[in-house]
Amino acid sequence: MFGPMIDGERVRLVPPDEDMLPRFCGWFADPEVTRYLMLRFPPSPKMEAEWLDAIARSQTEIVWAISIDERGVIGTIGLHALDWRSRRAETGTLIGEKGEWGKGYAGEAVRLRTRYAFTELGLEKLTTRVFAENAGSRRALEKAGYRQYGLARRDEWRGGRWHDLWLAEVLRDEWLAAQSASGESV
Ligand SMILES: CC(C)(COP(=O)(O)OP(=O)(O)OC[C@H]1O[C@@H](n2cnc3c(N)ncnc32)[C@H](O)[C@@H]1OP(=O)(O)O)[C@@H](O)C(=O)NCCC(=O)NCCS
């Protein structure tokens, strides 16, 4: 499934489309962008087109493109491995435009996705696996309510050494409590 349009203050989540695919391919060819991603080898344009089609048909994946006024599409964000019975999903986030890192866009996109998952989809839990040294990603997730539940030690081999993965989750009740404590409407 493609995610429906969600307007934030500075970012807008929109359904991805074919015109965005060349940009996605460019991001996945850059090792600096993929350093902390599970995807290690750039896909071909044909693979990207097939991926887009598979996402559109999927009942267990929801993907949005992240768009900002000045530049258009700068990244993607999604809910993956959706389990509708146990009401949980895994999450992933990518800001592919390196010039847009550190401007708060991932943080806002993660908060919009979290709200949508709990209030629109009625999910109970979101989980994620992030390279432990990926401080920007961890911070963006923590600000949306994610908390560490474990550390998978020596889980990924990159750049000639092992890396730990930070395992984190956010539960619906805890998110709701944090929203009301901070005066945010749900
Ligand atoms: C990691 C990534 C998602 C962060 O996106 P971003 O838009 O740069 O993040 P934000 O600007 O929203 O920053 C979120 C928080 O982390 C902090 N932060 C960002 N980059 C940081 C860094 N390199 N080191 C420490 N803190 C950092 C920000 O200051 C912000 O905290 P604050 O709100 O308290 O100031 C983005 O760099 C990216 O997509 N990288 C490539 C792919 C990737 O690693 N994806 C994640 C896979 S799990």
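Tyr105, Ala106, Gly107, Glu108, Ala109, Val110, Leu112, Arg113, Thr114, Ala117 and Phe118 are the buried residues of helix H4. That helix is a handy way into this predicted model, since H4 links up with both the sheet and the ligand site: E5, H4 and E6 make a right-handed β-α-β unit, and H4 is one of the elements that supply at least two residues of the shell around the ligand. Here's the rest, topic by topic.

**Overall layout**

- The chain holds six helices and eight strands.
- Going along the sequence, you get the pattern β-β-α-α-α-β-β-β-α-β-α-β-β-α.
- The radius of gyration is 16 Å, close to the 16 Å the globule rule gives for 186 residues, so the chain is as compact as a globular protein of that length.
- If you're setting up a box in your head, the C-alpha trace spans about 45 × 40 × 35 Å along its principal axes.
- As for burial, 28% of the 186 residues of the chain make the cut.

**Helix H4 and its surroundings**

- H4 runs over residues 105-120.
- Does its length come out short, long or as expected? At 1.5 Å a residue, the 16 residues of H4 should span 22 Å, and the end C-alpha atoms are 22 Å apart, which agrees.
- Just past the end of H4 sits Gly122, with a positive phi of about 70°.
- On the way into the helix, the loop between E5 and H4 contains Gly99.
- Why does Gly99 count as exposed? There are 9 other C-beta atoms within 10 Å of Gly99, and the exposed class takes 12 or fewer.
- Gly99 and Trp175 are 76 residues apart along the chain, and their C-alpha atoms are separated by 31 Å.

**The ligand shell**

- How many residues surround the ligand? The count is 22, and the closest are Ala106, Gly107, Ala135, Gly136 and Arg139.
- Two of those names, Ala106 and Gly107, also turn up among the buried residues of H4.
- Strand E5 (88-95), helix H4 (105-120) and helix H5 (135-143) each put in at least two shell residues.
- H5 is the top contributor, with six residues.
- By chemistry, the shell splits into 11 nonpolar, eight polar and three charged residues.

**The sheet**

- Eight strands form an open sheet with mixed pairing, in the order E1-E2-E3-E4-E5-E6-E8-E7.
- Strand E1 (6-7) and strand E7 (147-158) are the edge strands, each pairing on one side only.
- E4 and E5 pair in the antiparallel sense over seven bridges, and Asp83 has Arg88 in E5 as its bridge partner.
- Those two strands form a hairpin with four residues between them, and Arg87 in the turn has a positive phi of about 55°.
- E5 and E6 go the parallel way, over three bridges.
- Arg88 shows up again here, standing opposite Lys125 in E6.
- On to the next neighbour: E6 and strand E8 (residues 161-171) pair in the antiparallel sense over seven bridges.
- Thr127 has Glu169 in E8 as its bridge partner.

**Two faces of E6**

- Which side chains of E6 (residues 125-131) point to the buried face? Leu126, Thr128 and Val130 do, and they are buried.
- Lys125, Thr127, Arg129 and Phe131 point to the other face and are not buried.
- Lys125 and Thr127 therefore sit on the face of E6 whose residues fall short of the cut-off of 20 or more other C-beta atoms within 10 Å.

**Backbone angles to look at**

- As background, most residues other than glycine have a negative phi.
- Ala81 isn't a glycine, yet has a positive phi of about 50°.
- Ala81 lies in strand E4 (residues 72-83) and is exposed, with 11 other C-beta atoms within 10 Å.
- Arg154 is another non-glycine residue with a positive phi, near 45°.
- You'll find Arg154 in strand E7, which is one of the edge strands.
- Arg154 is exposed too, with 10 other C-beta atoms within 10 Å.

Notes:
Residues numbered from 1 in each chain as written. Predicted model: local features only at pLDDT ≥ 70, side-chain atom pairs only at ≥ 80, totals over all residues. Near = placed C-beta within 6 Å. Nonpolar A, V, L, I, M, F, W, Y, C, P; charged D, E, K, R; others polar. Pairing = 2+ DSSP bridges. Right-handed = clockwise from strand over helix to strand, strands pointing away. Expected span 1.5 Å × (residues − 1). Rg over C-alpha atoms; globule rule 2.2 N^0.38 Å.
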